[in-house]
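Let's take a walk through this structure together, one piece at a time. Keep the viewer open and follow along.

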Amino acid sequence: MSSWRAVPVTILYILMLSTAGAQVTSGAALYRDGQLDAAFRALQPEAARGDAQAQFLLGELHYNGFATPRNRPEALRWYRLAAAQGYAPAQLLVAEMLLDEGRSPAEWREGEAALRGAAEQELRVPEGAPADARRSLTALLLGEFLPEARMRHPAQAAALLARWADGGDAISAQKLADLYETGVDDPDPARRLPADRERFLFWTNRAATMPQDGPSTRGPRLTAEAARLEQAGDLNEAIKVYWEAADLGHVPAMVRLAEVLLATPDRKGPGRFWLERAAELDAAKANLLLGQLLLGEGDAVRAAHHFEVATRGQDRSEDTRQAAALALARLLAAGAPDLPADVPRAVEVLRFSARTPEALNVLADLLLAQPTWTALTVNDAMNARLKAALGGLRSAQRTVIWDHFTRRYPESPRWQPAAADLQTMVDWVRRDAQLGDDRGLYLLAQLTLHGLHGIPASEAAARDLLSRAVAAGSSDASRTLDYLTAPPPTTRVTAQQAQAALKLAQDGRRDAQVFLASIYLSGNGVPRDLRQALRWTVTAAERGDVEAMLSAVGLYRAGIGTPHDSTAASAWQVQAVRAGVPPVERTVLGAWYADGIGLKPDPARAVALYRDAAEFNEPVAQGLLGSALLFGIGVAMDTQEGVRWIRLAAEQGMLGAQEILGDLYAEGQHVPKNAELAVTWRRRAADQGSMRALTELAWMALDGEGLPRDPAQARQWAETAASRGYRDALLLLAHMHGGGIGIPRDPGRAVEYSRQAAERGSADGAYNLGMAYLTGTGVARDLAQARVWLERAQALGSAEAAAQLRRLAP
């Protein structure tokens with residue numbers, strides 16, 4: 001039932017403790033201070049005497065495994081004792097455990113009764129925010145999260161919402177307006193609620209006139225104030241304000257408070273407390289940090305658990321999820337004294353989560369190193385298990401594997417896949433190209449340009465595909481298209497000059513070889529011949545011409561005169577760097593070592609190359625060096641130095657560094673949280689064409705974070721990014737249309753945007769689409785289609801979809 005929660009119940013009890021004054025018990029005080037072992041000892045006699053708060057907290061310790069082994073039955077026993085005394089937070093957790101896990105009718109009835117009990121108490125937190133119990137009960141009655149027919153009671157839900165709205169609850173009023181706008185359709189008249197335009201308008205107006213200020217708005221404001229205090233150097237005052245925001249349930253405040261406290265030797269206990277609280281709320285960053293902390297303590301089992309939670313946590317930072325997926329995969333692949341190595345599971349983690357080049361190359365290496373997959377390098381048949389694994393990969397991941405399949409893999413024999421397996425790869429490429437995927441379009445263009453694997457050769461068709469790939473953001477396609485569409489030379493070469501150059505080239509003259517390559521490439525004085533252009537370029541490079549070496553790199557990367565070949569390109573890049581080239585070329589080679597492009601991955605060598613180039617003020621190298629230092633990839637972690645290099649790169653216009661710096665300021669990670677600076681750097685990245693930065697700006701405009709709240713502007717930015725196929729922008733538009741945020745509510749359009757995101761591989765989009773079919777929101781209710789999309793979301797790593805499928809199981 002965790003997906004029901006809007007105000008987490010763990011925050012409710014913290015709030016009650018913080019406002020209980022003289023009634024706070026010694027055990028509760030110890031719990032609040034993070035002294036969990038002492039709290040466990042103190043709470044036991046208090047709970048035995050019948051103190052409901054102590055019983056509840058003792059249940060929490062058993063449930064979470066703090067100061068005692070995790071024991072959920074024992075936790076439920078203590079929650080039930082506290083709930084029997086009318087202790088609302090305990091009632092809510094009893095409801096959660098029984099409704100989410102119960103299997104008998106008696107447990108369902110007890111869970112629903114406990115949930116009603118909590119809601120009937122008008123449970124509130126400061127500033128009049130609506131209770132979690134109310135929202136959970138409403139969701140239960142509407143069948144939104146547990147859609148069993150016997151639980152759908154929309155008339156009861158409407159009555160409860162009206163009562164709470166009459167008491168001044170703005171969110172209940174808005175929920176009631178939404179309910180009357182669409183109504184609830186059901187074959188059973190007893191479970192049906194007709195749409196009512198007059199009531200919709202009445203409750204919409206009521207909701208608009210009610211006070212909206214509560215923890216949901218105060219928390220972010222306090223966090224921003226704390227960040228300003230921290231930036232001004234008043235750390236103690238900042239901690240107090242962060243603490244207040246954390247008490248209100250603002251997760252970013254919890255995470256930043258934990259970071260600050262953990263950095264102070266005498267405050268590590270409370271820091272650990274808040275980090276664990278944020279991790280309980282599925283905050284991705286908190287789980288990542290807690291996993292790193294536990295790994296440093298030698299607790300690999302719990303570290304793996306938190307890394308796994310972080311891969312699907314409630315956090316818009318994709319970098320955090322990616323770092324967690326990579327950390328989990330590496331831990332599982334290597335194993336630990338208390339955690340046996342589990343390479344297949346590591347592969348699964350990366351299958352569903354990996355997007356960064358580093359993670360994709362770890363995935364490729366794991367696949368290629370599997371004993372059961374040795375057929376990959378020694379014969380012409382792709383192992384069936386490997387083929388099945390590859391079938392679930394996104395296009396960018398398959399591109400990495402494609403390179404391994406069709407090119408030389410470092411330190412391995414050349415592998416030639418069977419025709420049937422190549423056809424499978426070609427089918428994948430076609431499908432990705434049809435979806436507008438930049439890598440799919442680029443690879444299909446390569447196949448078309450060279451007439452490979454049954455696809456007729458056609459330079460015109462290849463150009464069209466390359467143009468579409470460029471529009472979708474492919475730099476490789478842009479490079480290839482530049483070669484194919486170069487303007488004709490202004491000076492014409494005669495046939496006699498071409499013949500003379502050929503004779504000199506054959507005699508070993510490097511300048512003639514370079515000249516001959518250029519005229520074959522442009523068709524100037526000789527018929528255009530891309531293979532001959534490559535041949536003479538490589539000949540000059542082999543004789544030591546550095547410019548020819550770099551030209552060979554470009555031709556192999558662009559697939560000119562030969563299909564795209566990362567291995568050959570990287571080999572010539574290595575030769576060029578050894579011969580002496582500008583700093584930017586050292587950066588390129590460093591990136592290839594980091595990403596394993598045609599080379600065996602070597603993060604330490606990559607960092608050394610970045611540092612050499614960065615010292616010459618090369619912005620891309622500065623940004624890549626900063627990222628390596630931030631995450632400790634190939635070098636000891638040094639966040640302060642990492643931020644310094646990233647800032648230098650961003651100031652020189654490196655788009656990736658601007659994106660990272662915007663994220664750091666938005667999240668308060670390694671720098672004080674500053675929404676205004678986050679907006680500044682994201683604007684600069686968006687001005688350079690970053691759809692990711694533009695989408696994050698849309699979220700900030702929608703939330704009023706660092707920008708005036710402006711849903712119209714948010715929608716405009718999101719539509720711009722969505723028009724380029726950016727998945728997160730599609731999800732944002734689905735969110736706006738589905739919730740009627742700044743625009744009229746339109747569930748049908750929300751479904752369409754979710755569908756587009758799902759078709760581009762979004763787990764959230766597939767989950768949203770599955771839930772729309774399940775509840776009949778914006779589309780006709782269709783249980784079969786709901787299962788299809790929920791299963792796809794589960795395959796992409798959605799824990800929410802997996803939980804929903806379990807509820808739907810017969």
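Before we start, one bit of vocabulary for later: a crossing of two helices is called left-handed if the near helix is turned anticlockwise from the far one by less than a right angle, and right-handed if it is turned clockwise. Keep in mind, too, that what you're looking at is a predicted model.

Start with the overall picture. The protein has 45 helices and 0 strands. Of its 810 residues, 53% are buried. Take the contacts in the protein with a separation of 6 or more: 54% of them are accounted for by residues 24 or more positions apart.

Now put that vocabulary to use on helix H30 (530-542) and helix H31 (residues 546-558). H30 and H31 pack at an angle of about 145°, and their axes are 8 Å apart. Their crossing is left-handed. If you want to see who touches whom, Ala533, Leu534, Thr537, Val538, Ala540 and Ala541 on the H30 side meet Ala548, Met549, Ser551, Ala552, Leu555 and Tyr556 on the H31 side.

Another pair to look at is helix H16 (residues 284-296) with helix H17 (residues 300-310), which pack at an angle of about 165° with 8 Å between their axes. An angle over 145 degrees counts as roughly antiparallel, and H16 and H17 are therefore roughly antiparallel to each other. H16 passes H17 in a left-handed crossing. H16 brings Ala284, Asn287, Leu288, Leu290, Gly291, Gln292, Leu294 and Leu295 to the contact, while H17 supplies Ala300, Arg302, Ala303, His306, Phe307, Val309 and Ala310.

Next, zoom in on a single helix, H28, and see how its residues are arranged. H28 covers residues 495-506, and at 1.5 Å a residue its 12 residues should span 16 Å; the C-alpha atoms at its ends are 17 Å apart, which agrees. Which residues of H28 are buried? They are Ala498, Ala501, Leu502 and Ala505. Looking down the axis of H28, you'd find these buried residues within an arc of 105°, so they line one face of the helix. The general rule behind such a pattern is that an α-helix has 3.6 residues a turn, so residues three or four places apart point the same way. Turn H28 around and the face away from its buried side carries the exposed residues Gln496, Gln499 and Lys503.

What do the buried residues of H28 pack against? Their partners are helix H29 (510-522) and helix H30, so named in the pair with H31. Ala501 gives you a close-up of H28. Ala501 has a relative accessibility of 7% and so counts as buried, the cut-off being under 20%. Not counting residues up to four places away in sequence, Ala501 touches Ala512, Phe515 and Leu516. From Ala501 to Phe515 is 14 residues in sequence and 7.3 Å in space, C-alpha to C-alpha. After H28 comes Gly508, with a positive phi near 100°.

Helix H10 (residues 170-182) can be read in a similar way. H10 has 13 residues and reaches 19 Å from its first C-alpha to its last, close to the 18 Å expected at 1.5 Å a residue. Its buried residues are Ala170, Ser172, Ala173, Leu176, Ala177, Leu179 and Tyr180. H10 is followed by Gly183, whose phi is positive, near 70°.

Positive phi also turns up in residues other than glycine. One of them is Asn617, with phi near 65°. You'll find Asn617 in the loop between helix H34 (603-614) and helix H35 (619-631). Is Asn617 buried or exposed? Neither label fits: with a relative accessible area of 44%, Asn617 is partly exposed. His670 has a positive phi as well, near 70°. His670 sits in the loop between helix H37 (655-667) and H38, and at 33% relative accessibility it counts as partly exposed.

Step from that loop into helix H38 (residues 675-687) and you can pick out Arg684. Arg684 is partly exposed, with a relative accessible area of 34%. Leaving aside neighbours within four places in sequence, Arg684 is in contact with Ala650, Glu651 and Gln658. Glu659 is 25 residues from Arg684 along the chain, and their C-alpha atoms are separated by 8.6 Å.

Definitions and conventions:
Residues are numbered from 1 along each chain as its sequence is written. This is a predicted model: local features need pLDDT of at least 70, side-chain atom pairs count only at pLDDT 80 or more; totals for chains, interfaces and linings use all residues. Side-chain values use heavy atoms; hydrogens and water are left out. Helices (H or I, at least four residues) and strands (E, at least two) are DSSP runs, numbered from the N terminus. The expected span of a helix is 1.5 Å times one less than its number of residues. Buried means under 20% relative accessible area, exposed over 50%, partly exposed in between (1.4 Å probe, protein chains only). The arc is that of the directions from the helix axis to the C-beta atoms. Contact means heavy atoms within 4.5 Å. Axes are lines fitted to C-alpha atoms, for helices over the stretch in contact, and angles run from 0 to 180 degrees between N-to-C directions. Angles under 35 degrees count as roughly parallel, over 145 as roughly antiparallel, 65 to 115 as roughly perpendicular and the rest as oblique.
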